[in-house]
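Ready for a short set of exercises? Take a look at what is shown here, then work through the tasks one by one.

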Amino acid sequence: MAVYTSVPEDDLAHFLAGYDIGQALACKGIAEGVENSNFLLRTETGPFILTLYEKRVDRGDLPFFLGLMEHCARNGIRCPLPVRDRTGEALGMLCGRPAAIVTFLDGMSGSRLDAEHCAEAGEALARLHVAARDFPVPRPNALSFSGWDSLAAQAGTRADSVEAGLSALISTTLDDLRGTWPDSLPRGVIHADLFPDNVLFLSGRTPGIIDFYFACTDMLAYDLAICINAWCFDAEHRYDAERGQALISAYDRARPLEADEIAALPVLCRGAALRFLLTRLVDWLSVPEGALVQPKDPREYSRKLEFHRGVSNTADYGWSR
Ligand SMILES: Nc1ncnc2c1ncn2[C@@H]1O[C@H](COP(=O)(O)OP(=O)(O)O)[C@@H](O)[C@H]1O
Ligand SMILES: N[C@@H](CCOP(=O)(O)O)C(=O)O
């Protein structure tokens, strides 16, 4: 459950009065997700998602996210559409938080992931990169390499209270990446959080993509590395080469990887694992009082990072062209 900000009935009624979607019939907090307060909103005209944006979403970035969703939908991606109010605005304020309503997307997140799910996710990621290629608005990635030192400093040595040796693993990885992090790979709009809970599968339809709230401009192959970490490890956090082969080859068929992207995958996977280790660790160490949220375990990503530290080339992921 992630609800940091509750929405009283009369505040919701006042908010909805500015829209043409009818009156609320139900509004229920949603269990999944950890970043924002999400509600399944049913009105007289159908189901929607109401999101109140919390600490990691800068209000100034919301036009980028909402505009990107509209751009991707126009370019063949099955994703939510922002609902505009009577003044044409997609973004409002509710209970002191920036808030938006988006269309409800049918589909289910894959609970027992297999190679087929991974292939669909790999293709969906590549199609998203191609569809967003001409989105005109840039957005720097605040959670890329340049942002990791400050996240590590926020956790500091408290990291070792979560797992022995974790602060040393973090500082050693940061030192290793400082000299090797790529800076000349193909760039574009990336989703940056395409985890299984953000892909909705529905028979006969392309996978639905939600949660564009980490989207930004960065290396496209870095987004692939984020997916390798999120989709290609089993419940015991062991790498599954069959899933990796399926995901990477499906991506490569839809957007062919360049030679230097292929060569950089191991270092990108280490960086991607560190990024989610750090954000999970900071959240794990600072759950706000009274928040209804189940923070995600950072140790899942220390395992993944340790795996990648032993990878010497991309063939170790089970894929080669
Ligand atoms: N447009 C949508 N259609 C259907 N379900 C959605 C939609 N947006 C969010 N959800 C549901 O809400 C959950 C949390 O949303 P998400 O955007 O992942 O959280 P957060 O805002 O914390 O990043 C998702 O896992 C999904 O189950
Ligand atoms: N996917 C991130 C956490 C953010 O998840 P969201 O669904 O709330 O955007 C992780 O697994 O660490």
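The exercises below deal with two ligands and an enclosed space in a predicted model.

**Exercise 1. Find which residues surround ligand 2, and sort them by class.**

Solution. Step one is to list the neighbours, taking a residue as near if one of its heavy atoms lies within 4 Å of the ligand. That gives G33, V34, E35, D193, F195, D197, N198, D211, F214, F276, R280 and K296. Step two is to sort them: the shell around ligand 2 holds 4 nonpolar, 2 polar and 6 charged residues.

**Exercise 2. Find polar side-chain atoms that lie close to N or O atoms of ligand 2, using a limit of 3.5 Å.**

Solution. Begin with D193, where a polar side-chain atom is 2.6 Å from a nitrogen atom of ligand 2. Next comes D197: one of its polar side-chain atoms lies 3.5 Å from an oxygen atom of the ligand. Finally, turn to R280, which has a side-chain N or O atom 2.7 Å from an oxygen atom of ligand 2. As for cover, ligand 2 taken alone exposes 340 Å², and the protein buries 94% of that.

**Exercise 3. Work out why ligand 2 can be said to lie between two domains.**

Solution. Look at where the shell residues come from. Domain 1 (9-103) and domain 2 (115-317) both give residues to the shell around ligand 2, so ligand 2 lies between them. To place the ligand in terms of open space, note that ligand 2 takes up the space of the largest pocket.

**Exercise 4. Describe the surroundings of ligand 1.**

Solution. First, count the neighbours: ligand 1 is surrounded by 18 residues, and the closest are E35, N38, L105, N198 and D211. By class, this shell divides into 9 nonpolar, 5 polar and 4 charged residues. Then check the domains: domain 1 (9-103) and domain 2 (115-317) each supply at least three residues to the shell around ligand 1. The space taken by ligand 1 is also the largest pocket.

**Exercise 5. Find backbone atoms that make polar contacts with ligand 1.**

Solution. Start with the oxygen atoms of the ligand. A polar backbone atom of E35 is 2.9 Å from an oxygen atom of ligand 1, and a backbone N or O atom of N36 lies 2.9 Å from an oxygen atom of ligand 1. Now take nitrogen: a nitrogen atom of ligand 1 is 2.8 Å from a polar backbone atom of L105. Taken alone, ligand 1 exposes 550 Å², of which the protein buries 93%.

**Exercise 6. How many cavities of 30 Å³ or more are there, and which residues line the largest cavity?**

Solution. The count comes to 1 cavity of 30 Å³ or more. The largest cavity holds about 30 Å³ of space. Its lining is made up of L68, L128, A132, V189, I190, H191, F212 and A215. Sorted by class, the lining of the largest cavity has 7 nonpolar residues, 1 polar residue and no charged ones.

Terms used:
Residues are numbered from 1 along each chain as its sequence is written. Chains are lettered from A and ligands numbered from 1 in the order in which they are written. This is a predicted model: local features need pLDDT of at least 70, side-chain atom pairs count only at pLDDT 80 or more; totals for chains, interfaces and linings use all residues. Side-chain values use heavy atoms; hydrogens and water are left out. A polar contact is a pair of N or O atoms within 3.5 Å; within protein, one must be able to donate a hydrogen and the other to accept it, and residues adjacent in sequence count only if both atoms are side-chain atoms. Accessible areas come from the Shrake-Rupley method with a 1.4 Å probe; for residues, only the protein chains shown count as cover. On a 1 Å grid over the protein atoms alone, a cavity is a set of points where a 1.4 Å probe fits but cannot get out, and a pocket is an open set with protein on both sides within 12 Å along at least five of seven lines; lining residues have an atom within 4 Å of a point. A molecule sits in a cavity or pocket if more than half of its atoms lie within 2 Å of its grid points. Ala, Val, Leu, Ile, Met, Phe, Trp, Tyr, Cys and Pro count as nonpolar, Asp, Glu, Lys and Arg as charged, and the others, Gly among them, as polar. Domain bounds come from an automatic or database domain assignment. Grid points are joined across faces, edges and corners, and a volume is the space filled by probe spheres set on the points.
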